[in-house]
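User: Please take a close look at one part of this model and walk me through it slowly. I would like to see how it connects with what surrounds it.

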Amino acid sequence: MPTDAKNSLWRPYTQMRTAAPPLEAVRTSGSRIVLADGRELIDGIASWWTAVHGYNHPHIRTAVAAQLEAMPHVMFGGLTHAPAERLASRLAALAPGDLDHVFFTDSGSVAVEVALKMAAQMWLNRGIAGRSRFLAFRGGYHGDTMGAMSVCDPEEGMHRRFGAYLPTQVFCDLPRDDATADALDRALAEHGDTLAAIIVEPLVQGAGGMVMHAPETLARVARAAERHGLPLIADEIFTGFGRTGTLFACEQAGIVPDILCLSKALTGGTMALAATIARRPVFEAFLSDDPSAALMHGPTFMANPLACAAANASLDLFETEPRLEQARDIEIRLAEGLSGLRGLPGIADIRVLGAIGVVQFARAPDLAALKARFVEQGVWVRPFGDIVYLTPALTIAPDDLDRLCEAVAHVVRTSADTEAAP
C-alpha cells in the first residue's frame, strides 16, 4: 500500500503514470493562491470559474461560520430549513420569467441530470410515451455523469470513449445563420416525436473550447423549441452569475428557458451546490395524487444548509457590490490586454465576452509546457485543447488582471516563437 498520502489521490483528467506532481496550495485570498513553498500565484480562472467574488470573502465566510454553529446539515426528505427556502425564493425572483421552482443538488453534472430527468418524466406524467432523447449541439459540454455525457459533443468531447455506453441523442450545429437554422428545424421535424427537450449552453460553450455565439443564435434555438413544442434546457452552469456581463446569459437574448441549470459560481466558489429551476408548466406536470408522478430524484446532501448559507451570502454581494459593472470593466481590459496577440503566427482567434478572454491556437500546443511557463510567470492559468483562457474573479484588481494578460501574451508569444523556429 502507498505510504505517501499524495499517492493515494486519484486526480481529475490526469494520466497518473506520467503527470507532473500537482502544486500544493495552502492558502487563498482575493485572487491569489499561496503555495506550500511560499510562491504566490494570481488566479486567472477563479478555480474552474467559481470564485466570482475572489477567495475568502468575509461576508461569505461569516455566513458559513454562523450556519456551521447552528446546523451544518439535515436531510431534506421530510424536513426543510430557512437557508434553502430563502435561497429558492431569491433564485426564483432573479431568474428570467416564471422560472419559479428550484430543485437543489450538489454539482453541475447532477443539475443537468435532473434537468434531463425532469423533461423526460414531464412527458410520461402527461401520458405521452416515447420521448426519451434530447437534441444537443455540437461542441457542447454538459458534465461528467452518464446522462450529461450523452448530450456532450459526441466526436470532439472528452467523453467520446464512452460512446458505447451512452444513450443516443440528436446533434445539430448551433443555428448561427439561415442554413444551420433550417437544418435545426429539419432535425426537429424528423425526430420531434422522440425528443424530450433541447439543451444548450447560452452564449458560450465552455469546456467545449470557450466557443461563443451571438444572442440571436440563442434566440433562434428558443424559437425553434417553441415552434416544435419542446422544452428548452439552458445550461448556465458556467455562464450564470455575471460571467458574460449579465446575471444570466439568457437575458442577452431575451429568452426564458423552460429549465435552467446553475452551479459553479452559485456559492461564490465556497461550497458544492447546484440548482435546476423549472417554469410553472414543467412543475405542474408533477402535481398529482399518484406518488410515482413525483420527481424521482433526491441527493443525500440536497440543499445542504452550509452551501445554501454561502449561496445566500453570494447573492447578497451581487445586490450590494457592483459585480456586473466589474464584469463589463474586465471585458474592456481583457480586450485591450489580449489584442496584441491578434494576427500572430499560429494564433487562430482572440475572443472576449464579459469576464472571459480566449486565445485560440491554430493547432493544439504543448499544454504541459504552457502550464509550467504560466507558473514561472506567477499566474495560475490552465489551458486545454487548443486554447488559453482567462476567467478571473469579478473582483480582481486591475493590476492583477493586467499581469495576467501580460503573462498570457508573454507565454503565447514564446510558444509561437518556439513553433516557428526551424
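Analyst: The lining of the second largest pocket is made up of nine nonpolar residues, one polar residue and no charged residue (Ala, Val, Leu, Ile, Met, Phe, Trp, Tyr, Cys and Pro count as nonpolar, Asp, Glu, Lys and Arg as charged, the others, Gly among them, as polar). This is a predicted model, in which local features need pLDDT of at least 70 and side-chain atom pairs pLDDT 80 or more, while totals for chains, interfaces and linings use all residues. Residues are numbered from 1 along each chain, and side-chain values use heavy atoms, without hydrogens and water.

The residues that form this lining are H101, V102, F103, M118, A278, V282, F283, F286, A294 and L295, and the space they surround has a volume of about 260 Å³. (On a 1 Å grid over the protein atoms alone, a pocket is an open set of points with protein on both sides within 12 Å along at least five of seven lines, a cavity is a set where a 1.4 Å probe fits but cannot get out, and lining residues have an atom within 4 Å of a point; points join across faces, edges and corners, and volume is the space filled by probe spheres set on them.) Strand β4 (99-105) and helix α8 (280-284) each supply at least two of the lining residues, and β4 gives the most, with three (strands, E, at least two residues, and helices, H or I, at least four, are DSSP runs numbered from the N terminus).

From F103 in the lining, we can step to P299, which touches F103, F104 and T105 when residues up to four places away in sequence are not counted (contact means heavy atoms within 4.5 Å). P299 sits in the loop between α8 and α9 (305-320), and with a relative accessible area of 17% it is buried (buried means under 20%, exposed over 50%, partly exposed in between, with a 1.4 Å probe and protein chains only). M296 is found in the loop between α8 and α9 as well, but M296 counts as partly exposed, at 45% relative accessibility. Under that rule of leaving out residues up to four places away, M296 touches K117, Q121 and P291. Farther off, the C-alpha atom of M296 is separated by 30 Å from that of V204, a residue 92 places away along the chain.

P299 also appears in a record: an unreviewed UniProt entry has the annotation "binding site" for G108, S109, D235, P299 and T300 (positions follow the numbering used here, feature names are shortened, and annotations may be inferred rather than shown by experiment). These positions span 193 residues of sequence and are spread in space too, with up to 22.8 Å between C-alpha atoms. One of them, S109, is placed in helix α4 (residues 108-125) and counts as buried, at 15% relative accessibility. Apart from its neighbours within four places in sequence, S109 is in contact with H142, G143, D144, T145 and A148.

For contrast with the open pocket, a search of the whole structure finds one cavity of 30 Å³ or more. The largest cavity has a volume of about 40 Å³, and its lining consists of G30, S31, D43, A46, A51, G54, Y55 and A393. By class, four of these lining residues are nonpolar, three polar and one charged.
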